[in-house]
2 protein chains.
Amino acid sequence: MSVGIKDVAIAAGVSPATVSRVLANRHVKPELRERVETAIRLTGYRPNLSARRLRSQHSNTIGLIVPDIRNPFFTTLSRAVEDAAYKANMRVVLCNTDENPTRETMYLRLMQEERVTGVIYAPTRETAAQLDRLNFDFPVVLVDRHGPAGKHDSVILDNRQASATLVEHLHSRGFKSIEGLFGNTSSTARDRFSGYTEAMNDRALTPRADFVAPNADAATVAARQILSRKDRPEALIASNGLILLGVAQAMQELGLQAPDDIAIAGFDNEIWTGLIGSGITVIEQPVADIGHSAMRLLFERIETPEMAPRVVMLSGKLIERNSSKRPG
Amino acid sequence: MSVGIKDVAIAAGVSPATVSRVLANRHVKPELRERVETAIRLTGYRPNLSARRLRSQHSNTIGLIVPDIRNPFFTTLSRAVEDAAYKANMRVVLCNTDENPTRETMYLRLMQEERVTGVIYAPTRETAAQLDRLNFDFPVVLVDRHGPAGKHDSVILDNRQASATLVEHLHSRGFKSIEGLFGNTSSTARDRFSGYTEAMNDRALTPRADFVAPNADAATVAARQILSRKDRPEALIASNGLILLGVAQAMQELGLQAPDDIAIAGFDNEIWTGLIGSGITVIEQPVADIGHSAMRLLFERIETPEMAPRVVMLSGKLIERNSSKRPG
DNA sequence: AATAGAGCTGAAAAGGTTTTCAGTTTTCTG
DNA sequence: CAGAAAACTGAAAACCTTTTCAGCTCTATT
């Protein structure tokens, strides 16, 4: 049986309450404090977090619900979230939904049972749509994706703007037929699609878009098809890092080079995008900022629950590389 | 105030014990069971995991302690661990140590306070060395790295063999001066270094090795130096994915091409290694397998604690690509 | 028909901590 | 130096479950 606060109390000749107070750094006479501290050291006492949480009603745990930690965007995000969490003396429970609404509701239920302090959450469009019907008893901050307009704290990229920037960039380089390959599950992909479409229309260009499950394999399949079409576009935009990876893979299979055979641009400034060929033009997201902002919003929400929901919108940054150079 | 098991009991006209039994799927008369179930539905009851854990002494939580989730090896590993965990109805608490022994001990302590069911752990060499002096009251399975020989369950790659394979491969392609760039914190890097050195000696080649903090930035700096030396080697081996990334980046900065200017080979078959230039030769690790094996070992250890420690050693697979072709 | 056993249920204890409450000691104020 | 306030401490309640124990109702066996 492991040593509890009671054993420490006996060893130090004080009451359990006093030990608890020493642990919580509350006022207790130096002499007693010292006795307790050595007792703790001697007994090797470690607090039982379950008991502590049960009594204090603070779980000191935050949930992080993302589609897939292997998506580099979410990898980096998770790291930022964890750093902030552990600084605030909180644990992080990580959940991968695979963009599957069933798993999402299961995890949200789990968060409830865990009595988490708060949740950072990148929902699918499907679940996001009914987000205000669900009523969580913990604060939620959406990241990367938004819910019903203005109802929830969220931190997202200005996706329309970012897409428009890519179109503008490609257009200014002389490309006219610009196709887009977008994810089919997130509000983010949808926003990027809108931004793309608007920007194309603004320039009297004809948008053409495809939607695909947001993972590299599915993207490879789709890209293969697009790239081998007779009316292959002059330029192709990929709506996130995994899709971009799929496109790059398809191009390699087909022996195509950017920008000679087709121009390429995408999202997420992963290191490899700078190394592949002579570099792929991308929109860089301030991922770590997004994570930190989300945690800040979460903590502030916890402090003042009645505050009106806030949306933090950050801007992407165009990183021009060779894949979008004017051909020939 | 949230609804507890008591409220459900009252609503169903039974005792809390009965509700608990319904929840745990123990024998209770169908009629009562149904009454309880509708009461649960009506009240929207969610069990309180802290209370449950406190009483039952089962945390159903496993800890995952890794250097950095952004290292793609550990990203994939974490995903495998989580999948297995959630299938077994367990949560995962994720910890990044940044190869920092202080953070390691802090997290190990946390695991103790959390009363975790078990831990999957990739220790630094420093902590690994004193692993048998520490006495955990939870089972630990080491991954990717080993502790004092044969004292702990662990799942690792046959690192010596893998390194030797790379040397053999490069040598058979005609390279003689083969340098190695290794991480400086893990037993794994050390083993890969040993394998490299032995294989070089076996072939009467002179080994030359450098050690560096296992992250891309540090590797870039080191690689830059190696690559701009007058006596630059004919081939360079990188001991993990991040270091390989650093090497690739340095080469690009310096305008060097593989295999024309220098041959390159490394570890971890990340997708980009197949896309960069005309592909980088790597040793592929069965990462998902490693994760699953680790979880299997962990569960078996929990079931039969007195079993002798087991070491599972998996083989890497050489993926030959263009970066190690015989130069022009 | 009596008895053993199985199945089912509820009361109450237990799990390890924090927190409240009340009481005691110390310090401060005038 | 008296009295008030502040600081400190311990006993006991509370947090929400699961589990033990004992009792009760059936069924099955002899």
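Visitor: Of the atoms of DNA strand C within 4 Å of the protein, what percentage belongs to sugar or phosphate?

Guide: Keep in mind that this is a predicted model. A split like that tells you which part of the strand sits by the protein: for DNA strand C, 61% of those atoms are sugar or phosphate, and the rest are in bases. On DNA strand D, sugar and phosphate make up 65% of the atoms within 4 Å of the protein.

Visitor: Which residues come closest to DNA strand C?

Guide: Of the 27 residues around it, the closest are Ile5(A), Ser20(A), Tyr45(A), Thr18(B) and Arg21(B). Take Thr18(B): an N or O atom of its side chain is 2.4 Å from a phosphate oxygen of DNA strand C. Arg52(A) also has a polar side-chain atom by a phosphate oxygen of that strand, at 3.0 Å.

Visitor: And where does Arg55(A) put its polar side-chain atoms?

Guide: By bases. One lies 2.6 Å from a base nitrogen of DNA strand D, and one lies 3.1 Å from a base oxygen of DNA strand C.

Visitor: What reaches the phosphate oxygens of DNA strand D?

Guide: Check both backbone and side chain here. Ser15(A) uses a backbone N or O atom, at 3.2 Å, while Tyr45(B) has a side-chain N or O atom at 3.1 Å.

Visitor: Which helix gives the most to the surface near DNA strand D?

Guide: That's α4(B), with 4 residues. Helices α2 and α4 of both chains A and B each supply at least two residues there. By class, that surface has 10 nonpolar, 8 polar and 8 charged residues.

Note on methods:
Residues are numbered from 1 along each chain as its sequence is written. Chains are lettered from A and ligands numbered from 1 in the order in which they are written. This is a predicted model: local features need pLDDT of at least 70, side-chain atom pairs count only at pLDDT 80 or more; totals for chains, interfaces and linings use all residues. Side-chain values use heavy atoms; hydrogens and water are left out. A residue is near a molecule or strand if one of its heavy atoms lies within 4 Å of it. A polar contact is a pair of N or O atoms within 3.5 Å; within protein, one must be able to donate a hydrogen and the other to accept it, and residues adjacent in sequence count only if both atoms are side-chain atoms. Ala, Val, Leu, Ile, Met, Phe, Trp, Tyr, Cys and Pro count as nonpolar, Asp, Glu, Lys and Arg as charged, and the others, Gly among them, as polar.
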